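Dear colleague,

I am handing over the structure to you here, and I would ask you to keep it open while you read the notes below.

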Amino acid sequence: MLRYILNRLIYLFPVMVFMSIVVFLFIHLIPGDPVDYMLGIDATPEARQALRTELGLDKNIVVQYISWARKIMRGDLGTSIVTNRPVSTSILEKFPATMLLAVAATLISLIIAIIAGTIAAANKGTWKDLGLLLLSLLWVSIPSFWLGIMLILVFSLEFPIFPAIGHVSMFADFGKSMHHLTLPAVTLGATLAGAITRMTRSEMIEQLSKDYITTAWAKGLSRPVVIYKHALRNSLITVVTFTGLQLGTLLGGTVVVEKIFAWPGLGLLVIQSIFARDYPMVQGIVLFFAFTFVFVNLMVDISYTFLNPQIRLGKKG
Amino acid sequence: MTQINSAYAGFQENQPRADEDGGKVKRGSLLWARISSNKMLIIGGIVVIFFLFIAFFAPLITQYSPTKMDFRAKFAPPSAEHLMGTDHFGRDTYTRIVYGARVSFQVGLVAVSIGLIGGLIFGAVAGYVGGIADDILMRMMDALLAFPPLLLAIGLVASMGPSLKTVSISIGVVYIPRFARVMRSSVLAEKEKEYVEAARAIGQSGFKILMKHIGPSTISPMIVLATIIFALAIIIEATLSFLGVGLPPPAPSWGTMLDESRRYLSVSAWMAVFPGITISIAVLGFNMVGDGLRDLLDPRSYN
């Protein structure tokens, strides 16, 4: 097990180096002089030179990358051009709100999708299955930004049940926090729910065709026991793994959802930073999201190996 | 082989597994019979052809201009004159949606071409040459795959500046690794087969073997993937435009239209309704074609 984790880490190292190179290059893709672009043309020569030195733009590109990467490894993501505060401070400030949104969306989509996927698989080939399948296909095709707008239209403007914008900390007022969380979390979770439903359905169908299920039927076990206790339980590992791997979509989705609902998280910050031409901030947030994604994938991978007795015992034996 | 690699199967997917319905297709039946029995493909195909048609003949099916403003007709509800109403500048929503199809298809086409060509080259070289070249190329692909797709596209567009060209290129680059992975595994599967060995034995060059013998067998999985990526490209373009980092106004992008509609929800909900329905139907169409094609071509070859 330990060896396995070590192997994964060795594999991840070059991947993360390449990822950091991509993010590093963002600033060099800016057409023309990045300093002009960030500060505007009426900045003083001193200010330009200061920024140029700070970003290391006056040095060789390889030297630039190495010194940038060194800082990153120390957790220093640079300084915001707009606020002059460390990028990492801003990221840590905004991260909890994004995290709350992402976790809530995942939970909502898992619950809906596992129920829908199981019903579809248990009734394979019937109108229930077809209906749910079509619904999930429709669900993944609706862009979240449109769904968000429609939810605001119906539940905030026509029938003012939920607030359209804003965020309340969970620790300040739990009830109010959940009230504000509902629409954004549903919006973010919807696309995911469609994808997980399809995954659950196909995994359940595969499980239901296996020998141990035939044995279970032959033993005269009741339908709920066969479907929920046997098939669903064995499908869950795959479904949960798949959900973990969807985190990339989810993190991308937070950008959209946070903009619609004015949710003060990292997604909103990255968009604001693009408009403010605050490149260190944009780089920092993209890198942070990307590394978070890598980290979660690693965790999913390790827990999958740990949970799946076939893999775990196979390695030992 | 690894988790990050399999993450690509993840993004938004819709298509976790080969569908068991593919088994219904009878062996030896004519291609047409197989196509016509594939309802997903037929319905999706009709939707896609319909959008292609309006994108191509945009000026013929609407009398208005997508960018000309008419302040006397601001916020008009749907009527015989303005089928889907007008926006805050009095521009005809129906016309902007029709021209928006052009934008979506242009971006989709360029992005898929870039992804496809890049993926073909990287995947073929990695799979065929193997060794260190494979390791380095695939680690690079893994690195690109390890970014949340939308976020990578946002970062690239933010750096290169927003335009039709940069948006299309960025989306294409984001999806190169997915094509490369599918290409590589197809090449790997084919490389060891006897006929390829035979070709090598009679002294054919590596390039020729790749093009003439291995190439054709990689076509079906690549087509299936291209269809799915086309749908994703449409969504990402609309998303970037919605976020304000995509096509600059007054370009008629479906995403921009939805972004603009947000400010006027209480004045004119129509502005938000129609572009959203349009995107959803277009994306649904491509997803259905992707599902249908996968069943038709080979349920097992994908993934």
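What follows is a short account of what was found, chain by chain and then for one helix.

Please bear in mind from the start that this is a predicted model.

Chain A contains 14 helices and 0 strands, so that, in keeping with how helices and strands are assigned, its elements read from the N terminus as α-α-α-α-α-α-α-α-α-α-α-α-α-α. The C-alpha trace of chain A spans about 85 × 60 × 35 Å along its principal axes, and 44% of its 317 residues count as buried. Where residues of chain A at least 6 apart in sequence are in contact, 71% of those contacts join residues at least 24 apart.

Chain B, for its part, has 12 helices and 0 strands, with the pattern α-α-α-α-α-α-α-α-α-α-α-α along the sequence. Of the 303 residues in chain B, 51% are buried, and among its contacts between residues at least 6 apart in sequence, 72% join residues at least 24 apart.

Helix 1 of chain A deserves a separate look, since it shows a bend. This helix covers residues 2–29, which is 28 residues, and it reaches 41 Å from its first C-alpha to its last, close to the 40 Å expected at 1.5 Å a residue. A kink of about 25° lies at Leu12(A), shortly before the proline Pro14(A). Leu12(A) is also one of the buried residues of helix 1 of chain A, which further include Val15(A), Met19(A), Val22(A), Val23(A) and Phe26(A). An α-helix has 3.6 residues a turn, so residues three or four places apart point the same way.

With best wishes

Notes. Residues are numbered from 1 along each chain as its sequence is written. Chains are lettered from A and ligands numbered from 1 in the order in which they are written. This is a predicted model: local features need pLDDT of at least 70, side-chain atom pairs count only at pLDDT 80 or more; totals for chains, interfaces and linings use all residues. Helices (H or I, at least four residues) and strands (E, at least two) are DSSP runs, numbered from the N terminus. The expected span of a helix is 1.5 Å times one less than its number of residues. The bend at a residue is the angle between axes fitted to the seven residues ending there and the seven starting there. A residue is buried if 20 or more other C-beta atoms lie within 10 Å of its own, exposed if 12 or fewer, and partly exposed in between; C-beta atoms are placed from the backbone. Two residues are in contact if their C-beta atoms, placed from the backbone, lie within 7 Å.
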